[in-house]
Amino acid sequence: MKLEGIKVLDLSAFLPGPHMTMMMADHGADVIMVEPANGQGEPTRAIGQKTADGTTVWFRNIGRGKRSVTLNLKDAADHALFMELAASADVVVEAFRPGVVKRLGVDYAAIRAVNPGVVYCSISAFGQEGAYAQKPAHDMTVQALAGLVDLNRGLTDNKPASPNMPVADMAASLMALSAVLMALLRRGQTGQGDYIDLSMFDAALAWTPNVTGPVFAEDRHPPVKEMRSFGGSAMYHIYETADGRFIVLGGSEIKFAENLLTALDRPDLLPFAKQQPGPEQEPLRAFFKETFPTRTLAEWQDFLRGVDCCWAPVRSLKDAFDDPFVAERGMVLTDKDGYRHIGVPIRFQEEPAQPRFQLPAFGDKSARFR
């Protein structure tokens, strides 16, 4: 596997860091979780629904394939054990509030002193320095300050809504993985490690090129309801069907609009699809809002199967995971005990991932790198 022989020491918790290091474990890295000796350890061991064996689904999908050691880093003996592990680690990941690792004596400078080649990744809400650095935050707080919650305004009530996905967590996890792999690649050339200051806030902002136009080009707030990505485009919108279900049109290319409107015997409305998103497309949106409620979702699915345009039914997460296509892609995996796991999205032709489904028990102090 691609990361076989890479040793990772993970001090992080919850989602961004643990998910990132699990992806590394799936591809062969030896990952040791450093859990606090507080009787609970990784918080997600206790958060959310549990399967019959008492394991939470969340922990099963960030902890698989890892090992664990429980340490009190304020204790001299435990600190010495951590430093022993860090001396041979390729990667160290932490997600404390800035300054904590220095007070604990496990910061980059301390680790580099015994391991010059270490790649040390700090994941935090707002980075290690600056006005917000010490502000406590989780995903939604970061999304709010990054302007993303404001983009999630309802199309009818014009009020921001709670985000349905942890975008800041997800972006930080992916960018942390990218940064760590870049640093490891460079280390192979220079022999030197590096320090990574990975901010969830920065990562969230970095994913906004498609909606930053009004901000950078016109110095104004994005007009959410008028923008292509949020309902301003008639061909990029959610419509209700006769049975109270919903269907998405998800491609605003003119060729798709032409194909759909021809199928609906309304090619005369095509000029509206060529207008900028917003009020100029209202006649086409109004047509779709009147048309889709005339048939059930099943009837629309039958109708649209023969039309080359971007569309999809709105499904629940359960329905999505139950789709045979998800199994076909390997995105639901079942272990020997019959428990399901989210699959591995990074697919290599050579040396594919080999997820290890065993989960680390809590309470060990004997972990050593293989």
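This briefing describes the fold, a pocket, the aromatic contacts and two local regions of one protein chain.

The model is a predicted one, and the protein chain in it contains 16 helices and eleven strands. Its C-alpha trace spans about 75 × 50 × 40 Å along the principal axes, and 43% of the 370 residues in the chain are buried. When contacts between residues at least 6 apart in sequence are considered, 67% of them join residues that are at least 24 apart.

**The second largest pocket**

- The second largest pocket has a volume of about 1,200 Å³, and its lining is made up of 32 residues, among which L151, N152, N164, S229 and F230 lie nearest the centre of the pocket.
- At least two lining residues come from each of α7 (148–151), β7 (236–240) and β8 (246–250), and β7 gives the largest share of the lining, with five residues.
- Sorted by class, the lining of this pocket consists of 18 nonpolar, eleven polar and three charged residues.

**Aromatic pairs and the aromatic cluster**

- The structure holds eleven aromatic pairs, and one of them joins Y120 and Y195, whose ring centres are 5.8 Å apart and whose planes meet at 35 degrees, so that this pair counts as tilted.
- Because Y120 belongs to strand β5 (residues 119–124) and Y195 to strand β6 (residues 194–199), the pair ties together parts of the chain that are 75 residues apart in sequence.
- The two partners are placed in unlike surroundings, since Y120 is buried with a relative accessible area of 1%, whereas Y195 is partly exposed with a relative accessible area of 29%.
- A further pair is formed by F292 and W300, with ring centres 4.7 Å apart and planes at 50 degrees, and this pair is therefore tilted as well; both F292 and W300 are buried.
- F292 and W300 also belong to one aromatic cluster, which is formed by these two residues together with Y239, F287, F288 and F303.

**Charges over ring faces**

- R295 lies over the face of W300, at 4.7 Å from the ring centre, so the ring of W300, which is tilted against that of F292, has a charged residue over its face.
- K2 lies over the face of F348, at 4.9 Å from the centre of that ring.

**Helix α1**

- Helix α1 (residues 16–26) is largely enclosed by the rest of the structure, because ten of its eleven residues are buried.
- The buried residues of α1 are P16, G17, P18, M20, T21, M22, M23, M24, A25 and D26.
- After α1 comes G28, which has a positive phi, near 110 degrees.

**The surroundings of A125**

- A125 is found in the loop between β5 and α6 (139–145), and it counts as buried because its relative accessibility is 11%, which is under the 20% cut-off for that term.
- With neighbours within four places in sequence left aside, A125 is in contact with A137, V142, S199, M200 and F201.
- A separation of 25 Å lies between the C-alpha atoms of A125 and V224, two residues that are 99 residues apart along the chain.

Conventions
Residues numbered from 1 in each chain as written. Predicted model: local features only at pLDDT ≥ 70, side-chain atom pairs only at ≥ 80, totals over all residues. Heavy atoms only, no water. 1 Å grid on protein atoms, 1.4 Å probe; cavity = no way out; pocket = protein on both sides within 12 Å on 5 of 7 lines; lining within 4 Å. Points joined across faces, edges and corners; volume = space filled by probe spheres on them. Helix = DSSP H or I, 4+ residues; strand = E, 2+ residues; numbered from the N terminus. Nonpolar A, V, L, I, M, F, W, Y, C, P; charged D, E, K, R; others polar. Phe/Tyr/Trp six-rings, centres within 6.5 Å; stacked < 30°, edge-to-face > 60°. Buried < 20%, exposed > 50% of the residue type's maximum accessible area, 1.4 Å probe, protein only. Lys NZ or Arg CZ within 6 Å of the ring centre and 35° of its normal. Contact = heavy atoms within 4.5 Å.
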